[in-house]
Every structure is written in structure tokens, then in C-alpha cells.
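Student: Before the terms are applied, I should like to see the model to which they refer.

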Amino acid sequence: MASSFTARTKQGRVSLLFSSQQETILIAIIAVYFVFLFGLSLFVNRNVKTYDDYNVAGRSTKLMPLVLTFVGTAIGGSILLGYMTNGYLFGMGQQWLAIGFTLTSIVIAAFLLKRIRLLGERYNMVTLGDFTALRYGEGARIPTVISIICAYAAITGMQFVAIATILQLTTGLSMTAGIIISWVLLTLKTYFGGLKSVMLQDAIHGTIQTVGIFFLLIVIMFMIGDWGSLADEARNAEGGNMLSIFNISASEFFVYMLTIGAYQFVRQDLWQRFWAAKDEKTAKTGFWAAIVLGFLTAAITIVIGFLGKFGLNMTDIDPSLIYYEIIGQVLPFPLVIVMLIALLATVISCADSFFLAASSSIVNDIVKPRLKNVHQKQMLTLSRMSVVVVSIISLLLALYIPQLVTLWITGTAMLVSGLLAPVLFGLFWRRVTKAAGLSAMWAGLVVALIWQIAGHPFGLHPVFLGLPVSVVTLVAVTLLSDQEKEHAMYEELKKSG
């Protein structure tokens, strides 16, 4: 028997209608869950002794935790809720959201992972800034950090908002209080545990979210029954053939590929997990497994949104609440609690990973290069202080800038526009000069930012200008510059085959 709650607007805000007893049970379970996560961070903290322990999990992570942390980081709250809403609104053409990051992930696994892993081991890398500084000089750290902080602090703030929204819908807590509670929890658990704690918790969260999404799909499929009428209704929908994977405009497709897709190449949290694996084989096997599992999870999330509209006939609802509406209609209350915990797990597993990625950029690329004779314990302390700095930036974004999604898209566009060409060309083209790499970073960053501030003139997304400008600048400056001595890193890559 399904639960008796639905999402409704009450006194100007949306809330989930639970009985007082159900609400008390839910609050108690969420509180226990939060305490468990904090306790786990304190437990892991006992084994965090060095800078590498904190930022790259001691470079010793085994296969299954690695797979689950890849999935836990890739599938965040914005994907679970956003993709489901898109599936509900626009149909199966939104599968290109999942396909986009899957295609680029395959390219990474096939052509980049070995190089990234080798250079990380050889030069003891911790951040993407370590690579850009190695290839283009220390001056490359600054544009790298700016790009990463813009994208990662914004998405961390988004997760504060996402957790606060869940708490408001389920317990009636105000958004401000929810944001502050999520900020305190995530800051404390990341501060004490570092990447070791994040990856252990990602293993737990990744399991919960993956099992929960697959389970929800199975339940919905059993409830629908009449697939023929569903298919007919979807094909003849007002917005076009909602059943077709090609029901998507060319411009929308390219935006997905050049932001969500291309963003995968310069995801610092992804590079850090390649370096955190105990060896190259573990990194490669874990990432391939995560590609398959991540694609299935994202694709199924879109399918569930689609089925909510055309299978469960949920037509008179707020699309942004489709997840809550579906679990409320198809599941009994005990399983509703499980699915809400799965949602929290999804948000938290994404938030703390981006949180740590941003903070490691501050300590590794801004603080560390300016210190001499610094010890591991000092670097560990500075890493934790950087977590606090990023947490405050993300909190302010969450509290005072309501357009966090826009800010995150801007940050992603800046990340792709500024770093994609220098990173990829730097990995493979020996001829690229240091001046070309630096020029391309700043040119892509500045153009993308100006275009975003200008409000997307002519309807063009910033990445459509920033990325080409970055590529053209890099190639032009390289060809016009005197050839430099080949970087020693290419000899290392050549030796590895």
C-alpha cells in the first residue's frame, strides 16, 4: 500500500504532508543518519596522518570503494532530481544528458586515464593545478584555481540548498536553518575525514542510491502494466515524440556535450580518484565499471521521470517535485523513508567530493607554492583550514545568491572554456608552448565570463565562444612562437608506452 503523503503548497511554500507520528519518525531517522556520518568521519580521522592521506586517500584505494565513489560523485542531487524533472517535462530525448557524460568518460578511460595516472605518480600530483603548472609553469595555477573554485564552490552551495530543501519538505524546517545545518554537517565531516572519509561514505551512499533508483524503476514498471497506451500517448504528446531519444534540438544537444560532457575531462575530483587508486589497473577497472553503472543510473532516473508523466499519469503537479510525488504514490511509508535517505545520500556523496576538490586547490595551488620547508602535519592543518574557507564561500553563495544553478553553469562553462584545450593539448601535443597554454586559459575564462554577464547575446551559451577562443588562441600562439625544448614529461609517457 502506498504512502499517504503528497507534495502540496501550504502557506506559500511546498511541503510533504505526513502525519505527526510519521514526521517524528522521519526527523529521528535523519538525525541518526547525520550523527552516523559524523561519527564515521571521526573514526576515519584516526588514520589520516599525512597530506596525501587527506587529499588523495593515501593513494591506496581498492577496487569496490573506488567504483562506488566514482558513481557517488558523478550522480549527485542535481542529477537525481534535475534529470528526473527533465525526463518528466521533455521525455526520452533527455537521455543525451546521460549519453553526453558517458561518451566523454569512455574517451577518458581509453585515452587519458593512463597518462593522468602515470603523471600523478611520477610527479606526486594532488590537483589539476599540479598538471597545468608542470606543463605551462607556475603561473598556470591561478587561472586553474579560479576555474575550479567558481565551479566547485557553486555546486557545493547547491548541495547545501538541496539538503535544506529536503529537510524543509520533510520536516518543515526553514530553508535558512536547513542550509546552516547542512553546512555544519558537511564542513565538520569533511574537515576531520578528508578524502578517505569521503570515499568510504561514497561507498555507502553509492550503494544506497544505486539500489534505490533501480528498485524504484522496478516498482513503477510493475504498477504501469499497459505499455501500449503509454507508448501511444508519449508518441503523440504536444511537445513532440516524447518516446524518441532524438526528440532534442541540435543546440540543446551541443550544450549538453560541451558542458556536462566536456566538463568530465577537467573534473579535478575525477583526476584525484585516479591518483587515489592503489594502482593503474584498479583505477582503470574501477572507472570502466563506474561508467556502466553511472550511465544506467542516470538513464533510469530520466526514464522514471518520463514514466511518472506517461505511466503514472501525474499531470497536475510541480515538475520539480516529481521524485517526491512518485515515491509518495507508489511506496509505503517505511520505503518512502528509505528513498528519502537515498536522496540525502546522493546529495551528500556529491557535495563532500566537490567540497574537498575545491579546498585542495586552495591549499595545494595557492598556499603550498608560497611556503618553504613545510612539513606534512602543517600541510594537513592547512588542508583542513582550506575546507573551512571553501565552506564559508559556499555557504554565502547558498544563502545570498538564489541563481545557484546559473552560477554553477557559468562555473562549468569557465572550467571548460579555460582548461579543456590547455589540458588536452598539453597531454598530447608536445609542440604547445607555455605562453600558448597560459594565453588560452585566460582568453577562454575571460570570454566565457563576459558572455555570461552579458546575458548570452544572440542566444549563444558562453561555452560556444569561450572554448573556440581558447583553442584558437592556443594553436595560434604556439605556431607563432619559437619552438621550446620538449618537456621531460613526454619522455616519461613514452617510456610507459
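Tutor: The following exchange sets computed values against their definitions. This is a predicted model, in which local features need pLDDT of at least 70, side-chain atom pairs count only at pLDDT 80 or more, and totals for chains, interfaces and linings use all residues. Residues are numbered from 1 along each chain as its sequence is written, and side-chain values use heavy atoms, with hydrogens and water left out.

Student: What makes a set of residues a nonpolar core?

Tutor: The members are buried Ala, Val, Leu, Ile, Met, Phe, Trp, Tyr and Cys residues joined through side-chain atoms within 4.5 Å; buried means under 20% relative accessible area (1.4 Å probe, protein chains only). The largest such core here has 146 residues, and Tyr-323 is among those with the most contacts inside it. Helix 14 (residues 333-367) supplies the largest share, 20 residues.

Student: Which residues does Tyr-323 contact, leaving aside its neighbours within four places in sequence?

Tutor: With contact meaning heavy atoms within 4.5 Å, the partners include Leu-80, Met-84, Leu-216 and Leu-343.

Student: Why is the span of helix 3 called close to the expected one?

Tutor: The expected span is 1.5 Å times one less than the number of residues. Helix 3 (residues 63-74) has 12 residues, for which 16 Å is expected, and it reaches 17 Å from its first C-alpha to its last.

Student: What covers the buried residues of helix 3?

Tutor: The cover includes helix 8 (175-224), helix 11 (268-276), helix 12 (280-310) and helix 14. Among the residues buried there are Leu-66, Phe-70 and Thr-73.

Definitions and conventions
Buried means under 20% relative accessible area, exposed over 50%, partly exposed in between (1.4 Å probe, protein chains only). Helices (H or I, at least four residues) and strands (E, at least two) are DSSP runs, numbered from the N terminus.
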